[in-house]
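Biologist: Hi! Could you walk me through this one?
Modeller: Happy to, let me pull it up.

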Amino acid sequence: MKIRVLIVGGAVAALSTLSLAANAAPGQGGNCTTSTKPTPPAGAQQVPLPDGGFAYAGGDQTSGAVGSQGPKGWIQGSGGTASNGGHISGYQTESGLNGSLTIGAAPAVCVAVNGTGVHS
């Protein structure tokens, strides 16, 4: 149940990135992230999903990540004491929609579709 709550929370945060980016001044074009799925943290607990993908959560005393990966894309939230903040990113393979949100010393927002993006 906790993993579901974390995944839903991550998805909501990623969607809120869209509204933040809509108000951001445009920067360089390009993608925010790649279609390459991130590697779950060592020792992360993984739960299979009906579409053949999996959800995961794990980490250690200094950093951790929670995410979901499947045939249509991925989303991951990560953070830790070393980064003094957190990062949420994701990629949807069918539409090419991808985005990222960084909270910390160097905050940033990015939303892109097929190489055309808005960065702040």
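Biologist: Which residue takes a positive phi in the hairpin of S5 and S6?
Modeller: Glycine 96 does, with phi near 80 degrees, and that hairpin has 4 residues between the strands. Strands here are DSSP runs of E, at least two residues, numbered from the N terminus. This is a predicted model, where local features need pLDDT of at least 70, side-chain atom pairs count only at pLDDT 80 or more, and totals for chains, interfaces and linings use all residues. Residues are numbered from 1 along each chain as its sequence is written, and side-chain values use heavy atoms, with hydrogens and water left out.

Biologist: How many bridges join S5 to S6?
Modeller: There are 6, and the two strands run antiparallel. Glycine 90 stands opposite glycine 99 of S6. Two strands count as paired if DSSP finds at least two bridges between them.

Biologist: And on the other side, what joins S4 to S5?
Modeller: Strand S4 (residues 73–80) is joined to strand S5 (residues 85–92) by 8 bridges, again antiparallel. Within that pairing, isoleucine 88 in S5 faces glycine 77.

Biologist: Switching to S7, which residue there is the bridge partner of leucine 101?
Modeller: Valine 109. S6 (residues 97–103) and S7 (residues 108–113) are antiparallel too, with 6 bridges.

Biologist: Zooming out, what is the strand order in the open sheet?
Modeller: The 8 strands go S1-S2-S3-S4-S5-S6-S7-S8, with antiparallel pairing. Strand S1 (45–48) and strand S8 (116–119) are the edges, each pairing on one side only.
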